[in-house]
Amino acid sequence: MVFSKRIIFIYTTLILFPIFLGIIAFTSNQQRTQIENVKQENELISQENAQKINNFIDSFAQLESAANANDDFMLFLLNRDSELSISEIDTLKKESKILSRLLLVIPNIYALRLFIDNDNIPESWPVIINSSRFDTSSINKWEFNFVADFMGHFNQYMDKSVCLTKPFIYKGNRIGDIQISMKMEDFFSFAYKKTAPNINNYIFKVENQKLIPITNDKINAINTPLTQSEIDLLSLFYNDNKTHSSSFKIHTSEGQTIFSYEYIPRMGIVIFTGF
């Protein structure tokens with residue numbers, strides 16, 4: 001009787017053990033497949049978001065080129081020899097209106113401002129502004145959550161924006177500075193809406209191999225904010241990879257999270273998609 005039980009146990013073990021191993025292998029393979037699918041989905045989302053950002057940067061460059069295209073107007077802005085006649089002032093206003101209309105042609109551009117160093121050139125708001133109105137050297141080339149509070153009663157320019165400010169040069173001659181803005185929620189639209197319940201999007205500046213969050217109350221309301229230790233962990237993985245795009249898995253307050261990122265070299269920022 002005891003012998004029979006042993007035989008049954010041995011045969012049962014021989015049959016069940018491979019099945020058990022098969023179940024483990026199948027489950028493990030399913031988990032790997034699921035993780036790989038999430039990585040691919042995250043990477044696709046990050047790539048699409050990066051492409052949108054690069055398209056917007058191209059739009060900024062197109063507007064800058066258009067603003068610099070009229071040779072007569074550029075020479076006009078450089079003229080310091082005499083006070084302007086009434087007809088010249090009318091020309092200035094006309095060109096200012098033309099520049100303003102360019103914003104209707106190039107989608108999502110929020111504002112265009114030319115800060116002119118030449119005191120002979122009268123202002124034509126909101127486009128032609130004297131350089132003394134705002135110290136452009138006080139801000140970075142790319143600013144985020146920028147508010148043009150120097151615009152005074154022009155309340156339509158008080159929304160938080162992504163702002164490019166750089167020297168405005170014509171054939172080697174400095175005219176002043178050009179400033180082009182787009183609303184944050186247009187430029188980083190992916191961070192202002194949920195495409196899926198468990199997906200979070202994050203934006204960082206890269207400074208001295210550290211990730212500095214670019215965020216605000218609206219972005220934090222949509223995406224689960226990261227702790228500083230989690231940001232430090234993202235910085236570690238990002239710096240170890242030293243590539244423009246990659247994926248990795250870390251443990252956050254939300255549990256195991258798979259992150260994919262894309263680096264935008266023209267802005268010095270990196271965007272993360274976490275699931």
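This is a walk through a predicted model, going from its cores to its sheet, then to one helix and a few backbone oddities.

**The cores**

Let's start inside. The largest nonpolar core has 47 residues, and the members that touch the most others are I53, F187, F188 and M267. Helix 1 (residues 2-67) gives this core its largest share, seven residues. If you want one residue to click on, try I53: leaving aside residues up to four places away in sequence, I53 touches F187, F188, F190, I264, M267, I269 and I271. There's also a second core, separate from that one, with 13 residues, among them F204, L211, F259 and F272. As background, nonpolar side chains tend to be buried together in soluble globular proteins.

**The sheet**

Next comes an open sheet of five strands, ordered 2-1-5-4-3, with mixed pairing. Strand 2 (128-130) and strand 3 (142-146) are the edge strands, each pairing on one side only. From one strand to the next, the twist averages 30°.

Strand 1 (residues 109-116) is a good place to look around. Strand 1 runs antiparallel to strand 5 (residues 173-183), and seven bridges join the two. Strand 1 also pairs with strand 2, this time in the parallel sense and over three bridges. Strand 1 is mostly covered, too: eight of its eight residues are buried. Here are some of the facing residues, should you want to find the register by eye.

| Residue in strand 1 | Partner | Partner's strand |
|---|---|---|
| I109 | M182 | strand 5 |
| A111 | S181 | strand 5 |
| L114 | I128 | strand 2 |

**Helix 3 against the sheet**

Helix 3 (residues 86-105) packs on this sheet, where it touches strand 1 and strand 2, and its direction makes about 150° with that of strand 1. Does the length of helix 3 agree or disagree with what its residue count predicts? At 1.5 Å a residue, its 20 residues should span 28 Å, and the end C-alpha atoms sit 29 Å apart, which agrees.

Helix 3 has a buried side and an exposed side. The buried residues include L92, E95, S96, L99, L102 and L103. Those residues cover an arc of only 110° around the axis, so they are on the same side of helix 3. That fits the usual geometry: an α-helix has 3.6 residues a turn, so residues three or four places apart point the same way. Turn to the other side of helix 3 and you'll find I86, K94, K97, L104 and V105 exposed.

**Backbone oddities**

Most residues other than glycine have a negative phi, and most peptide bonds are trans. Three spots are worth a look with that in mind.

The peptide bond from W125 to P126 is cis, with omega near 5°. P126 belongs to the loop between strand 1 and strand 2.

N145 isn't a glycine, yet its phi is positive, at about 60°. N145 is in strand 3, which is one of the edge strands. Its relative accessible area is 21%, so N145 counts as partly exposed, the cut-off for buried being under 20%.

N208 has a positive phi as well, near 50°, and is likewise a residue other than glycine. Where is N208? It lies in the loop between strand 6 (200-207) and strand 7 (210-213). With a relative accessible area of 74%, N208 is exposed.

Methods:
Residues are numbered from 1 along each chain as its sequence is written. This is a predicted model: local features need pLDDT of at least 70, side-chain atom pairs count only at pLDDT 80 or more; totals for chains, interfaces and linings use all residues. Side-chain values use heavy atoms; hydrogens and water are left out. A nonpolar core is a set of buried Ala, Val, Leu, Ile, Met, Phe, Trp, Tyr and Cys residues joined through side-chain atoms within 4.5 Å. Buried means under 20% relative accessible area, exposed over 50%, partly exposed in between (1.4 Å probe, protein chains only). Helices (H or I, at least four residues) and strands (E, at least two) are DSSP runs, numbered from the N terminus. Contact means heavy atoms within 4.5 Å. Two strands pair if DSSP finds at least two bridges between them. Axes are lines fitted to C-alpha atoms, for helices over the stretch in contact, and angles run from 0 to 180 degrees between N-to-C directions. The expected span of a helix is 1.5 Å times one less than its number of residues. The arc is that of the directions from the helix axis to the C-beta atoms.
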